Number of protein chains: 2
Amino acid sequence: MRQKLENSYGFLFEPDLLSEIAQDGRLIAIAEGEKMLDIGDYIKSIPLLISGTIKILREDKNGDELLLYYLECGDTCAMSMNHGIGVSKSEIRAICDSDAELIVIPIEFMNRWLIKYESWRKYIFNAYQVRFQEMLEAIDSLAFYDMSARIEKHLIEKVKICKETILNLTHQEIANDLNTSRVVVSRILKKLEMSGSIKLYRNKIEILNY
Amino acid sequence: MRQKLENSYGFLFEPDLLSEIAQDGRLIAIAEGEKMLDIGDYIKSIPLLISGTIKILREDKNGDELLLYYLECGDTCAMSMNHGIGVSKSEIRAICDSDAELIVIPIEFMNRWLIKYESWRKYIFNAYQVRFQEMLEAIDSLAFYDMSARIEKHLIEKVKICKETILNLTHQEIANDLNTSRVVVSRILKKLEMSGSIKLYRNKIEILNY
DNA sequence: GAACCACAGTAACTTATGTTACACAGCGTA
DNA sequence: TACGCTGTGTAACATAAGTTACTGTGGTTC
């Protein structure tokens, strides 16, 4: 664990803090598809992602879902940061998108380290800043983009995360992430294929204009 | 200024911090309609709102706007909190919605007080939490509600802020806040009037089912 | 009063998106 | 091979929202 911590966070945190994390944190592995946190769950720990990706989703009362953003190595959950300020229930759902490893730290260290370590303050504030930015992008997509642009943006995002231009995903999966229907996605993907920006296969989409 | 600070923040901050704010902050008044901060502006200070309301907006490249949320007495701007972490340009626009007074604090005190004052840490984290929550509500509205529900929600929000059930606003203003057109708003408001939940006047809307 | 202007009402139409229904293709398995 | 399942393609239609255009109205100003 110490080694993995060093690799992912060595350049971010000072040695003393790394030691504290190694001592008080716990390394856990999570399998693709596993639900890590659901809406309404109590938040008792801070996750530091080591590898893999986590999907952060919002759901409405009818069960419709919307992808908000992804967490990757070096990220943490903004929702975990509401330490000791009354509200501590999750507003979002976190699902493992590809097998992941992470270090979980009991929530009570949050405040202690904020006082003690400059690097921790920087890290936490940066995390808030990044999450805020991603929420704004989600809002932009919904408010200002049409479905075609949202799908394109989503595919580009996927390419960045998977580091491959051939994505393993079905039309239904895209529809779920964007809270639309499979038929709409198929229709738009076909148009994108016609325009030459992607190529469609069964269970696969190749991104050409990346 | 000391008195106004006491009234609005006396119960939040410890005496030493209140003294520091009184010493290093500056009380300013802003008139309705005045632009306080625009997208791309550098953020050099933290505002603590004393009275009035501030509208926080997002804009896309075509100039279309969307209301994100309001700031009121006791609130601060989440965007101001990206102190010293590289990015310091505003992603949002802040416009005074009703004559406001606020205390502005140079950004460099942010970090200092985070170390020194437990109450400041609590306040700042709470602010992030509340802003996060409001962003989620904005996303919910866009992703899961139809225009009629969005308009209703917006009117209820206005009533809460103005503390009156007769709102002074035009259909065009609603259309601007929700990034839609005046005709659409008029059409839906008329339906809401038919259903008995509101009553329409020139430049005014009365909310009945509140 | 006449002219003007911002605001509101409404019809008619376009477009984007969602829905229903069905055909068919790829692929694993009995 | 035959069967069944999942994923994809597509048509036909329904609905919500955006657009254009025109009317009327309350209030202001000359």
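Here a colleague asks a modeller how some descriptions of this predicted model were reached.

Colleague: What makes you split chain A into domain 1 and domain 2?

Modeller: That comes from the domain assignment, which puts residues 2-143 in domain 1 and 146-207 in domain 2. Taken over C-alpha atoms, the centres of domain 1 of chain A and domain 2 of chain A are 27 Å apart.

Colleague: How many residues of domain 1 of chain A are in contact with domain 2 of chain A, and what makes it a contact?

Modeller: Eight residues of domain 1 of chain A pair up with six of domain 2 of chain A. They count as contacts because their C-beta atoms lie within 7 Å. On the domain 1 side, strand β4 (residues 65-71) of chain A gives the most, with four residues. That side has three nonpolar, two polar and three charged residues.

Colleague: Why does the radius of gyration of chain A agree with a compact globule?

Modeller: Set the two values side by side: a compact globule of 210 residues would come out near 17 Å, and chain A has 19 Å, so the two agree. Along the principal axes, the C-alpha atoms of chain A fill a box of roughly 55 × 35 × 30 Å.

Colleague: What share of chain A is buried, and what makes a residue count as buried?

Modeller: A residue needs 20 or more other C-beta atoms within 10 Å of its own. In chain A, 32% of the 210 residues are buried.

Colleague: Which residues come nearest to DNA strand D, and how do you know that a residue is near?

Modeller: The test is a C-beta atom within 6 Å of the strand. Around DNA strand D there are 20 residues, and T170(A), H171(A), D146(B), M147(B) and T180(B) come nearest. Two or more residues each come from α6 (171-178) and α7 (182-194) of chain A, and from α5 (147-162) and α7 (182-194) of chain B. The top contributor is α7(A), with six residues. By class, this surface has six nonpolar, eight polar and six charged residues.

Colleague: And what lies around DNA strand C?

Modeller: There we have 19 residues, with D146(A), M147(A), T180(A), T170(B) and H171(B) coming nearest. The elements giving two or more residues are α5 (147-162) and α7 of chain A plus α6 (171-178) and α7 of chain B. The largest share, five residues, is from α7(B). The surface near DNA strand C divides into six nonpolar, eight polar and five charged residues.

Methods:
Residues numbered from 1 in each chain as written. Chains lettered and ligands numbered in written order. Predicted model: local features only at pLDDT ≥ 70, side-chain atom pairs only at ≥ 80, totals over all residues. Domains from an automatic or database assignment. Contact = placed C-beta atoms within 7 Å. Nonpolar A, V, L, I, M, F, W, Y, C, P; charged D, E, K, R; others polar. Rg over C-alpha atoms; globule rule 2.2 N^0.38 Å. Buried ≥ 20, exposed ≤ 12 C-beta atoms within 10 Å, placed from the backbone.
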